[in-house]
Amino acid sequence: MTHELRIAVATDPGLVREHNEDSVYVRQDLQAVADGMGGHEHGEVASALAVNVLADWQGDLGPAVAEIARRLDAETPAGAGTTLTAIRWEGLAFQLAHIGDSRAYVLREGELRQLSHDHTMVQALVDAGRMTPEEALVHPRRAYVLRALQSGNSHDPDLTWHQAKVEDRYLLCSDGLTDYTDLDDVHEILLSTEDATEAAWQLIALANGNGGPDNITCVIVDVVRKKWWQR
């Protein structure tokens, strides 16, 4: 293998909430962010369950998400739920599993592009041409999620395959980042801050600098070329 993944994680409850309902899991072949829903007790349980399933999982993410949904039904109270955005690597190819409003981005050759598609009311209105993206950014119900993994009412995730390139940088994040920051500022930090851990904490600080009303989680994955002596 001529490349390796360098992974950094930062998570913070924000400045308003006492509890962090976000859960995160990373290993070399899999990274995931889950944002709990249903109040802090239910949300924490649901997001933790999701990443615990992934921690024991090998292979395709479709059955993994189905297992998360099954266990939510069996083990959590009605209303407990979570978003999930996860990447599973096979060399430079990766599978993206996504449901809810956490997000996945790629920074490639200076351009930041969103890989996931929000499952929210405002995004559905944007898709239907009934709202502009600019209006969606400030809509008071922009966090209203239409699809999630939820006890008694789970939906299917988006499952897609992508091809990475050496020097790509990937960001997985909860909506505590994207709902309360300007994407241009996120882009600038990812572009200008070489150290991934420093960049992740700068993103946390950016959201907290705008009031930090939600939990914030960031995972940054850098695809780097191995040195000749590492091969």
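## Sheet, cores and an aromatic cluster

Strand 1 and strand 12 (residues 216–225) run antiparallel and are joined by 10 bridges. This is a predicted model. One of the pairings places His 3 opposite Arg 225, its bridge partner in strand 12.

**The open sheet**

Both strands belong to an open sheet of 5 strands. The strand order is 1-12-11-7-8, and the pairing is antiparallel. Strand 1 (3–12) and strand 8 (111–114) form the edges. Each has a single partner strand, so one side of each has no neighbour in the sheet. From one strand to the next, the twist averages 20°. A helix covers part of this sheet's strands: helix 7 (residues 196–209) packs on the sheet and touches strand 1, strand 11 and strand 12. The direction of helix 7 makes about 155° with that of strand 12. In general, strands of a sheet pair through backbone hydrogen bonds.

**The aromatic cluster**

Strand 11 also carries a residue of an aromatic cluster, Tyr 170. Searching the whole structure gives 3 aromatic pairs. In one of them, the ring centres of Trp 89 and Tyr 170 are 5.6 Å apart and the planes stand at 80°, so this pair is edge-to-face. Planes over 60 degrees apart count as edge-to-face. The pair links distant parts of the chain. Trp 89 sits in strand 5 (residues 84–90) and Tyr 170 in strand 11 (residues 169–173), 81 residues apart.

Tyr 170 has a further ring partner, Phe 94, and this pair is edge-to-face as well. Phe 94 lies in strand 6 (residues 93–99) and Tyr 170 in strand 11, so the pair ties together parts that are 76 residues apart in sequence. The two pairs compare as follows.

| Pair | Centre to centre | Angle between planes |
|---|---|---|
| Trp 89 and Tyr 170 | 5.6 Å | 80° |
| Phe 94 and Tyr 170 | 5.1 Å | 75° |

Trp 89, Phe 94 and Tyr 170 make up one aromatic cluster. Are its members buried or exposed? Trp 89 is buried, at 7% relative accessibility. Tyr 170 is buried too, at 2%. Phe 94 is also buried.

**Two nonpolar cores**

The largest nonpolar core has 22 residues. Which of them touch the most other members? They are Leu 54, Ile 68, Leu 84 and Leu 149. Several elements give two or more residues to this core: strand 3 (30–37), helix 1 (40–55), helix 2 (61–75), strand 5 and strand 6.

Leu 54 shows how such contacts spread along the chain. Leaving out residues up to four places away in sequence, Leu 54 touches Tyr 25, Arg 27, Leu 30, Ala 32, Leu 61, Ala 64, Ile 68, Leu 84 and Ala 86. Two of the core's best-connected members, Ile 68 and Leu 84, are thus among the contacts of Leu 54.

Another core lies apart from the largest one. This other core has 21 residues, among them Ala 8, Val 186, Ile 189 and Ile 220.

**Two loop residues with positive phi**

Most residues other than glycine have a negative phi. Glu 109 has a positive phi, near 50°. Glu 109 is placed in the loop between strand 7 (103–108) and strand 8. With a relative accessible area of 76%, Glu 109 is exposed.

Glu 167 has a positive phi too, near 85°. Its loop runs between strand 10 (158–163) and strand 11. Glu 167 counts as exposed, at 69% relative accessibility.

Notes:
Residues are numbered from 1 along each chain as its sequence is written. This is a predicted model: local features need pLDDT of at least 70, side-chain atom pairs count only at pLDDT 80 or more; totals for chains, interfaces and linings use all residues. Side-chain values use heavy atoms; hydrogens and water are left out. Rings of Phe, Tyr and Trp (its six-membered ring) pair if their centres lie within 6.5 Å; planes under 30 degrees apart count as stacked, over 60 as edge-to-face and the rest as tilted. Helices (H or I, at least four residues) and strands (E, at least two) are DSSP runs, numbered from the N terminus. Buried means under 20% relative accessible area, exposed over 50%, partly exposed in between (1.4 Å probe, protein chains only). Two strands pair if DSSP finds at least two bridges between them. Axes are lines fitted to C-alpha atoms, for helices over the stretch in contact, and angles run from 0 to 180 degrees between N-to-C directions. Contact means heavy atoms within 4.5 Å. A nonpolar core is a set of buried Ala, Val, Leu, Ile, Met, Phe, Trp, Tyr and Cys residues joined through side-chain atoms within 4.5 Å.
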